[in-house]
Amino acid sequence: ILTHNTIVHGSCGGNRLPKASWTATAYVLEGTRWKAVFRAGSAIVDPAKLPKRTVDMTAAGRSASHDAKTEAMLSREQAIWDAWKDRDATRLDALMPQQVQFIDIFGTHIATRAEVLSAWSGQGCDVKSFQLADARANVFTPDFGILTLYATVDGSCFGQPVIPVWT
C-alpha cells in the first residue's frame with residue numbers, strides 16, 4: 001500500500017478540487033507487474049472550518065446480504081469501531097495489526113501504529129452510536145483483502161459532527 005499527500009490545482013466537472021488530500025493505493029503483483037487494485041483519497045481540511053451539520057442516522061445506506069469473506073472482515077471492522085466508540089485502547093491494541101496507517105475524516109495522515117492507537121482511543125471523539133452499511137469485501141490473495149463500507153456516526157470529533165463516510 002502506497003500513501004502520499006497529493007496537491008492539486010484544478011477542477012472537475014466545474015467543481016474545484018480540494019487543494020490537498022491524502023491518497024492511499026493498494027497494489028498486487030501480477031507476474032512481473034504491480035497493478036493498482038484499490039485507491040481512496042481524503043481531502044485535508046481544518047475541522048474548525050467545516051460547516052456545522054446534523055447527521056441523519058436513517059441515511060446509513062441499504063442493508064445487503066454478505067458472502068462469508070465480507071462477513072468475516074465486517075465482524076472485525078465492527079469490533080474496531082466498537083473499541084473506537086468506547087475509547088478502549090486495550091481492545092484496539094489487540095485488534096490492530098503491527099503495521100497500520102490511517103487517514104482520518106479530516107484528511108489527517110496518521111503514520112504509525114502508536115499514533116493510530118493514541119488517536120483512536122483519545123479524547124477527541126464523543127461517539128454515542130454508529131452504523132456500518134453496504135459492506136463489500138474484495139479479496140485479492142488468501143491473506144489480503146479490502147473491505148469498503150458506508151459509516152454513519154451519532155457523535156462528534158473535535159467539536160464537529162461526524163459526517164457519513166465511505167471507507
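Of the 167 residues in this protein, 31% are buried. The model you are looking at is predicted, so please read what follows with that in mind. The secondary structure comes to three helices and 11 strands. Read from the N terminus, the elements follow the order β-β-β-β-β-α-α-β-β-α-β-β-β-β. Contacts across the sequence are well represented: among those between residues at least 6 apart, 52% join residues at least 24 apart. On the outside, the protein exposes about 10500 Å², and carbon and sulfur atoms supply 54% of that area.

Let us begin with strand β9, which covers residues 144–157. I146 sits in this strand, and at 11% relative accessibility it counts as buried, because the cut-off for that class is under 20%. Which residues does I146 touch, not counting those up to four places away in sequence? They are A26, F38, M73, R136, A137, N138 and F140. I146 can also be set beside V37: the two are 109 residues apart in sequence, yet their C-alpha atoms are 9.4 Å apart in space.

T148 is found in strand β9 too. Is T148 buried or exposed? Its relative accessibility is 19%, so T148 counts as buried, given that the class takes in values under 20%. Leaving aside neighbours within four places in sequence, T148 is in contact with F38, D134, A135, R136 and T167. If you compare the two contact lists, F38 and R136 appear in the one for I146 and again in the one for T148. Some of these partners can be placed in the sequence as well: strand β8 spans residues 125–141, and the contacts of T148 include D134, A135 and R136, while those of I146 include R136, A137, N138 and F140.

Strand β8 leads us on to the interior space of the model. How many cavities of 30 Å³ or more does a search of the whole structure find? The search finds one, and the volume of the largest cavity is about 40 Å³. Its lining is made by W84, K85, R87, A119, W120, G122, C125, D126 and V127. Three elements each supply at least two residues of this lining, namely α1 (68–85), α3 (113–121) and β8 (125–141). Of the elements, β8 gives the most, with three residues.

One of the lining residues, K85, takes us to the charged side chains. Side chains of opposite charge can pair when their charged atoms come close. The count for this structure comes to four salt bridges. D86 forms one with K85, where the closest N and O atoms are 2.8 Å apart. D86 also forms a salt bridge with R91, and here the closest N and O atoms are 2.5 Å apart. How accessible are the residues in these pairs? D86 is partly exposed, with a relative accessible area of 41%. K85 is partly exposed at 25%, and R91 falls in that class at 32% relative accessibility.

A further salt bridge joins D93 and R113, with the closest N and O atoms 2.8 Å apart. This pair links distant parts of the chain, for D93 lies in helix α2 (residues 89–95) and R113 in helix α3, 20 residues apart. The two partners fall into separate accessibility classes: D93 is partly exposed, with a relative accessible area of 37%, whereas R113 is buried, with a relative accessible area of 17%. Stepping back to the charged residues as a group, salt bridges that share partners join K85, D86, D88 and R91 into one network.

To finish, turn to the surface. Which residues make the nonpolar surface patch of about 440 Å²? The patch is made by L2, Y27, L29 and W34. Of these, L29 can be placed in strand β4, which runs over residues 20–30. L29 has 47% relative accessibility and so counts as partly exposed. Patches are made of residues with over 30% relative accessible area, and L29 at 47% therefore meets that cut-off.

Note on methods. Residues are numbered from 1 along each chain as its sequence is written. This is a predicted model: local features need pLDDT of at least 70, side-chain atom pairs count only at pLDDT 80 or more; totals for chains, interfaces and linings use all residues. Side-chain values use heavy atoms; hydrogens and water are left out. Patches are made of residues with over 30% relative accessible area and no salt bridge: like charges are joined within 9 Å, nonpolar side chains (Val, Leu, Ile, Met, Phe, Trp, Tyr) within 5 Å. Accessible areas come from the Shrake-Rupley method with a 1.4 Å probe; for residues, only the protein chains shown count as cover. A salt bridge is a side-chain nitrogen of Lys or Arg within 4 Å of a carboxyl oxygen of Asp or Glu. Helices (H or I, at least four residues) and strands (E, at least two) are DSSP runs, numbered from the N terminus. Buried means under 20% relative accessible area, exposed over 50%, partly exposed in between (1.4 Å probe, protein chains only). Contact means heavy atoms within 4.5 Å. On a 1 Å grid over the protein atoms alone, a cavity is a set of points where a 1.4 Å probe fits but cannot get out, and a pocket is an open set with protein on both sides within 12 Å along at least five of seven lines; lining residues have an atom within 4 Å of a point. Grid points are joined across faces, edges and corners, and a volume is the space filled by probe spheres set on the points.
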